Every structure is written in structure tokens, then in C-alpha cells.
Amino acid sequence: MIELKNISFTYENSREGDSQLRHVDLQVGRGELVILAGRSGCGKTTLTRVLNGLCPQFYPGELTGSYLLDGQDALKMPVHQLGTMVGSVFQDPRSQFFTTNTTDEIVLGMENIPMEQSVMQQRVEAVCSQMNLQRLLDRRIFPLSSGEKQLIAIASVCTMEPKVIVMDEPTSSLTTEETTVLFRIIADLKSRGISMVYISHRLEDIFAIGDRITVLRDGRNSGGGMVSELNT
């Protein structure tokens, strides 16, 4: 599904110490969850920006290497096309909101494709039922708690039904109960063949449903392996 080969990225006007990538390889199969680990500044977030097209299309810089997504050359895709295939959930959900109403935010991505109204309604109902979010529909976003905002961001991605979902510390604002709900959703998405790349510093939480771990250090592959082997 995802195949990165020899990916290197240097931000435009970068300074010493900026997170960069150096000859990174990464493979993620259909329905597989790969955990990205490493110290802050090792390049994890930059790698997710390559996956969703933000580097270099929104964060200018020099990108080299090969990135195949479902057999297609992702580096030649415009970011709006790549965005329908790779969904992103950021650590701070406020950074990805474009509306002030929860329902409007959940359907916004589908409207931009665009998609038939009946299909959008079906997807909203299915996702919100699964995530128990009916109580949050048609609400103002900004008075919500941090955890509730994150759940709205996740729902907006899930309704798009992308082939890949990239999550950057999605549980940082969630309660224990909300985290349990999220992991149940992730397990269901995996069972439906959606590939996932997940950044986390709380590895013990995600190990239960993760398949492989890749460790970055100074922008390079530094180790990793099958989660099942690391747990033994």
C-alpha cells in the first residue's frame, strides 16, 4: 500500500537542528498499523507530512526518493488528490478545523470531493454511531473540550474512507474512555483494509493493536520490528 524508498527531505531555509529526513525506507501493507517512534525532533512529523503531501507542497523544501501509494507515484499527485487517499489526524485538532460547527466539519471533506448528499448522510450517521458522537452533532466546535475536538477531527477523517490514515499523537487530549473508543475504531478500520501510520510516545497503549514499529533517529531509520516479537 505504502512504499517509501530512500526518502530524504530538507526544509527550505532550514537551520541546523531542524527535523529532516535522510534516506528513509518505510513499507505499510493493506490493513497494517505501523508505529513511528523516536525522540522529539527525530523527523516523525516530517515523515507524516511527506505521506500526506504537506511536504513539499505546503512546507517547501527538497524532497528526493520514491513514494508509491497503492502502486501510484504519490509524489506526482496534487495535494487535494492525495488528501482523498491519505487522511490525517494531528495532535492539536484545532490546526485542522476549517469550520465552527461540528457537523459542518465532519462533512467538509466529503463536500469538497464532492459526494452525493445521501452518501454523506449515511457516512456521518455510521461514523457517529460507531464513535457515539451523536451528542456532539450541530454544536459549536470551540467550546468543546480538547478530547471532544479530537473526536470530531477523527470523525471527519473516517467519513472520507481514505486508503491510509496518519495519526500524530491522537490520544494526547483524550480521556481513558475516549482512548478506548479510538482504539476500537482503529481496530475496525484495520479490519476493513485501511493502512495506518501512528506516532506515539505512549507505546504501551498502541502495542495491543499495532503490527510493526519503525524507530527514527536523526531523520534516519534506526531500528524496529514486529510488535509481536518485541512483546515476547
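**Exercise 1. Decide whether Ser88 is buried or exposed, and find its surroundings.**

Step 1. Take the relative accessible area. For Ser88 the value is 14%, so Ser88 is buried (buried means under 20% relative accessible area, exposed over 50%, partly exposed in between, with a 1.4 Å probe and protein chains only). This is a predicted model, in which local features need pLDDT of at least 70 and side-chain atom pairs count only at pLDDT 80 or more, while totals for chains, interfaces and linings use all residues. Residues are numbered from 1 along each chain as its sequence is written, and side-chain values use heavy atoms, with hydrogens and water left out.

Step 2. Place the residue. Ser88 lies in strand E6 (helices, H or I of at least four residues, and strands, E of at least two, are DSSP runs numbered from the N terminus).

Step 3. List the neighbours. Leaving aside residues up to four places away in sequence, Ser88 touches Asn52, Gln96, Val157 and Val166 (contact: heavy atoms within 4.5 Å).

Step 4. Look for polar partners. The side chains of Ser88 and Asn52 make a polar contact at 2.9 Å (a pair of N or O atoms within 3.5 Å; within protein, one must be able to donate a hydrogen and the other to accept it, and residues adjacent in sequence count only if both atoms are side-chain atoms).

**Exercise 2. Work out which strands stand at the edges of the sheet.**

Step 1. Write the order. The open sheet has six strands, E6-E7-E8-E3-E9-E10, with mixed pairing (two strands pair if DSSP finds at least two bridges between them).

Step 2. Read off the ends. E6 (86-89) and E10 (220-226) each have a single partner strand, so one side of each lacks a neighbour in the sheet.

Step 3. Inspect one pair. E3 (residues 33-37) and E9 (residues 212-217) run parallel over four bridges. Ala37 stands opposite Val215 in E9.

Step 4. Add the helix. H7 (residues 176-191) packs on the sheet and touches E3, E7 (164-168) and E8 (195-199).

**Exercise 3. Describe how helices H4 and H5 cross.**

Step 1. Get the geometry. The axes of H4 (residues 102-112) and H5 (residues 117-131) come within 10 Å and cross at roughly 145° (axes are lines fitted to C-alpha atoms, for helices over the stretch in contact; angles run from 0 to 180 degrees between N-to-C directions).

Step 2. Name the residues. H4 contributes Ile106, Val107, Met110 and Glu111; H5 contributes Met120, Arg123, Val124 and Cys128.

Step 3. Check the burial. Buried residues of H4 include Ile106, Val107 and Met110. The buried residues of H4 pack against H5 and H6 (146-158).
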